[in-house]
Amino acid sequence: MSTVPAVQSLNSIYAQHVNPQWVRLLELLQMNATYERCTGAELFTTSGRRILDFLSGYCVHNAGHNHPAVVAALKDELDRSGPAMLQSHVPELAAQLAHRLTSLAGGGMERVFFTSSGSEGVETAIKFARAHTGRAGLLYAERAFHGLSCGALSLMGDPFWSQGFGPMLPDTTAVPFGDLDAVEQKLATRRFAALFLEPIQAEGGIRVPEPHYLKAVERLCRRHGTLLVLDEVQTGMYRTGRFLAAHGFGVEPDIVVLAKALSGGLVPVGAVLMSRAVSESVFSSLKRALVHASTFGENGLAMRAGLATLDVLEHEGMGPRALRMGIELRRRLAEALAPYEMVKQVRGEGMLSGIEFQAPRQMRLRLAFSSFRAVHPAMFGQVMVMRMFRDKNILTQICGNDFLVLKVAPPLVVTEGQMDEFVEAIRDVVDLAHNSAGFWTEAIGLARRASNI
Ligand SMILES: Cc1ncc(COP(=O)(O)O)c(C=O)c1O
């Protein structure tokens with residue numbers, strides 16, 4: 001029988017066989033904790049710390065960690081020894097989940113293609129949009145994040161993500177998020193199969209568009225024969241208060257990509273929702289019945305996780321709760337952070353919020369801030385994240401495509417008391433950044449160490 005190595009040696013085994021840089025980064029930021037139990041919005045470490053999760057695995061844990069109803073449904077599914085991945089039958093649970101998802105989405109969404117990740121969903125949307133329109137061009141928004149597979153990467157402008165990975169898909173073009181004229185100009189060329197948008201940009205800095213933007217985009221897409229694809233991988237599943245963020249903007253996309261929270265935080269599952277016409281452009285004949293498929297796509301555990309997660313989110317009224325508590329959270333944050341010049345704005349929708357920082361005006365702070373940013377543009381935000389974790393026991397992250405925005409996205413089960421803890425903690429850390437020389441000394445030391453490794 002093999003023995004389980006101690007945690008310390010598992011860290012080095014992970015570094016040796018999986019990703020040494022990830023372990024080094026966690027060590028540098030003093031965030032390399034070992035968790036033994038996670039429940040709701042709380043994470044418990046082996047060293048006895050209780051950490052509040054205000055990241056939710058980038059919007060995976062909408063239902064809270066290890067929700068008992070999702071866990072029970074998965075145990076039942078395993079216990080029944082049902083058919084799994086036969087690739088030779090009609091998976092009944094996939095039928096049930098597709099029915100639930102299309103009913104919740106409404107607006108002409110009639111078919112579902114199941115995936116095991118958000119990127120795979122974006123790849124699917126690219127293929128279906130091209131098949132449906134017979135066009136190759138793909139339009140996307142600056143600062144978008146759609147995933148790290150080659151097709152999805154081709155819809156992301158920041159070279160940081162794509163550099164070194166060879167040529168991406170041709171025929172992709174970026175437009176500024178929120179700029180209707182730019183969209184119209186591009187669509188008028190009639191070269192574009194689809195316009196890919198996150199209804200609210202998440203990694204782009206929690207950017208909420210003007211209320212009329214998405215509806216106007218939808219009209220332009222219809223006029224020019226381009227499909228509107230909404231990437232709701234982070235915003236969907238009640239994160240922003242509605243089942244889809246699209247519902248809050250009254251917009252009817254042609255394709256919607258879901259993933260992350262549909263998993264219940266336990267089994268990977270993604271779903272691409274689309275109209276019957278779009279689906280039939282791909283599944284157009286017997287010969288093409290499997291022309292687009294994925295081995296793990298409709299597996300029983302994933303479907304069960306999706307169904308159980310929807311049950312939890314609906315029965316516990318998580319959407320309306322996220323809407324209400326999100327407004328309150330942003331109100332409390334804005335009030336607590338108002339005195340601090342480095343806080344530019346608190347914004348968001350439902351339980352997806354961001355705190356945007358800016359360079360200070362006071363000379364004393366300005367010098368520290370800019371020398372620090374020169375080392376690495378993400379450093380300031382990372383030190384805030386590190387302080388929140390180490391000093392306040394709260395897990396957060398900065399946005400992947402805007403390092404000056406701290407993402408605030410707790411599980412939707414977060415309590416008022418936990419929100420208060422967060423507000424108090426971030427106020428203390430922001431206060432430290434404004435008033436303590438120690439904050440900057442430590443931060444500059446960290447920046448130096450980071451640039452040496
Ligand atoms: C908006 C959005 N789309 C797509 C993806 C890719 O999802 P995955 O990591 O499951 O491939 C992400 C991941 O963070 C995302 O935020």
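## Strands, sheets and a ligand site

Strand β2 (residues 42-45) pairs with strand β3 (residues 50-53) in the antiparallel sense, over three bridges. This is a predicted model. One sheet in it has seven strands, and another has four. There is also a ligand, with S117, K260 and other residues around it.

**The β2-β3 hairpin and its link to β13**

- L43 has I51 of β3 as its bridge partner.
- Four residues lie between the two strands of this hairpin.
- In the hairpin, G48 takes a positive phi near 90°.
- β3 is also joined to strand β13 (residues 394-395).
- Two bridges make that link, and β3 and β13 run parallel.
- Across this pairing, D53 stands opposite L395 in β13.

**The seven-stranded sheet**

- This sheet is open, and its strand order is β4-β10-β9-β8-β7-β5-β6.
- The pairing in it is mixed.
- The edges are β4 (111-115) and β6 (172-175).
- Each edge strand has a single partner strand, so one side of each is left without a neighbour in the sheet.
- On average, neighbouring strands of this sheet are turned by 20° against each other, direction ignored.
- Inside the order, β7 (residues 192-197) and β8 (residues 227-231) pair in the parallel sense.
- Four bridges hold the β7 and β8 pairing.
- L197 stands opposite L230 in β8.

**The four-stranded sheet**

- This sheet is open too, with the strand order β11-β12-β15-β14.
- Its pairing is antiparallel.
- The edge strands are β11 (343-349) and β14 (397-399), and each pairs on one side only.
- From one strand to the next, the twist averages 35°.
- β11 and β12 (residues 352-357) run antiparallel and are joined by six bridges.
- In that pairing, E349 stands opposite L352 in β12.
- Helix α16 (residues 379-392) packs on this sheet.
- The helix touches β12, β14 and β15 (402-408).
- The direction of α16 makes about 150° with that of β14.

**The ligand and its surroundings**

- The residues around the ligand are S117, G118, S119, F145, H146, G147, E198, D231, V233, Q234 and K260.
- By class, this shell has two nonpolar, six polar and three charged residues.
- S119 has a polar side-chain atom 2.4 Å from an oxygen atom of the ligand.
- In the side chain of K260, an N or O atom is 2.9 Å from an oxygen atom of the ligand.
- F145 takes part through its backbone: a polar atom there is 3.5 Å from a nitrogen atom of the ligand.
- Taken alone, the ligand exposes 390 Å².
- The protein buries 82% of that area.

How values were computed
Residues are numbered from 1 along each chain as its sequence is written. This is a predicted model: local features need pLDDT of at least 70, side-chain atom pairs count only at pLDDT 80 or more; totals for chains, interfaces and linings use all residues. Side-chain values use heavy atoms; hydrogens and water are left out. Two strands pair if DSSP finds at least two bridges between them. Axes are lines fitted to C-alpha atoms, for helices over the stretch in contact, and angles run from 0 to 180 degrees between N-to-C directions. Contact means heavy atoms within 4.5 Å. A residue is near a molecule or strand if one of its heavy atoms lies within 4 Å of it. A polar contact is a pair of N or O atoms within 3.5 Å; within protein, one must be able to donate a hydrogen and the other to accept it, and residues adjacent in sequence count only if both atoms are side-chain atoms. Accessible areas come from the Shrake-Rupley method with a 1.4 Å probe; for residues, only the protein chains shown count as cover. Ala, Val, Leu, Ile, Met, Phe, Trp, Tyr, Cys and Pro count as nonpolar, Asp, Glu, Lys and Arg as charged, and the others, Gly among them, as polar.
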